[in-house]
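Visitor: Could you take me through a close look at one part of this model, and then show me how that part sits in the rest of the chain?

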Amino acid sequence: MRMKQYRREAMMLRRQQELEEEQRTFQLDYTTIYQKGHPGTVQGVIKEIIHLGYIVTLPNGREGLLAASHLGCSGGIPLLERLFKVGQEITIRVIPVPNPAGKDRVYIRP
């Protein structure tokens, strides 16, 4: 039992170190994301930053999730806060997803 806990702690420490390294070195290539006026896109406003990505308010009043994995990173609030700020307007493509939470999928890259 003790050995399992030791391995689990080592794995958690390694994962934490990987996230910290990514936070120091990750750079978003802004030339690869949608630009304002791109066909099929809309302007959304970042409402909240969560570990998985961003909650974005859409023009129709609904909300969408822009996943950190779609940006090419693992996530984590310190990294995501560095990329985009709450209240910032971004250009996104919306994929409606029927779900009880009322959140759509949002994409920032083609």
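Guide: Let's begin with V45, which stands opposite E89 in β4. Before going on, a word on the ground rules: this is a predicted model, in which local features need pLDDT of at least 70 and side-chain atom pairs count only at pLDDT 80 or more, while totals for chains, interfaces and linings use all residues. Residues are numbered from 1 along each chain as its sequence is written, and side-chain values use heavy atoms, with hydrogens and water left out.

Strand β1 (residues 42-50) and strand β4 (residues 89-95) run antiparallel, joined by four bridges; pairing requires at least two bridges found by DSSP between two strands. Helices and strands here are DSSP runs numbered from the N terminus, helices being H or I over at least four residues and strands E over at least two. The β1 and β4 pairing belongs to a barrel that five strands close in the order β1-β2-β3-β5-β4, with mixed pairing. From one strand to the next, the twist averages 55°, using axes fitted as lines to C-alpha atoms (for helices, over the stretch in contact) and angles from 0 to 180 degrees between N-to-C directions.

Next, the aromatic rings. Rings of Phe, Tyr and Trp (its six-membered ring) pair if their centres lie within 6.5 Å, and planes under 30 degrees apart count as stacked, over 60 as edge-to-face and the rest as tilted. By that rule there are two aromatic pairs. In one of them, Y30 and F84 meet edge-to-face, 6.2 Å centre to centre with 85° between the planes. Y30 lies in the loop between α1 (2-25) and β1, and F84 in the loop between α3 (77-83) and β4, so this pair ties together parts 54 residues apart in sequence. Y30 is partly exposed at 41% relative accessible area, whereas F84 counts as buried at 3%; buried means under 20%, exposed over 50%, and partly exposed in between (1.4 Å probe, protein chains only). Y54 and F84 also form an edge-to-face pair, 5.6 Å centre to centre and 75° between the planes. This pair, too, links distant parts of the chain, with Y54 in strand β2 (residues 53-57) and F84 in the loop between α3 and β4, 30 residues apart. Together, Y30, Y54 and F84 make one aromatic cluster.

F84 has other partners as well. Leaving aside neighbours within four places in sequence, F84 is in contact (heavy atoms within 4.5 Å) with residues including L28, I46, I49, L71, I90 and I108.

That brings us to the largest nonpolar core, a core being a set of buried Ala, Val, Leu, Ile, Met, Phe, Trp, Tyr and Cys residues joined through side-chain atoms within 4.5 Å. Of its 20 residues, Y54, L71, L80, L83, F84 and I90 touch the most other members. At least two residues of this core come from each of β1, β2, α2 (68-71), α3 and β4, and α3 gives the largest share, three residues. In soluble globular proteins, nonpolar side chains tend to be buried together.

Finally, the whole chain: it has three helices and five strands, running α-β-β-β-α-α-β-β from the N terminus. Buried residues make up 30% of the 110 residues.
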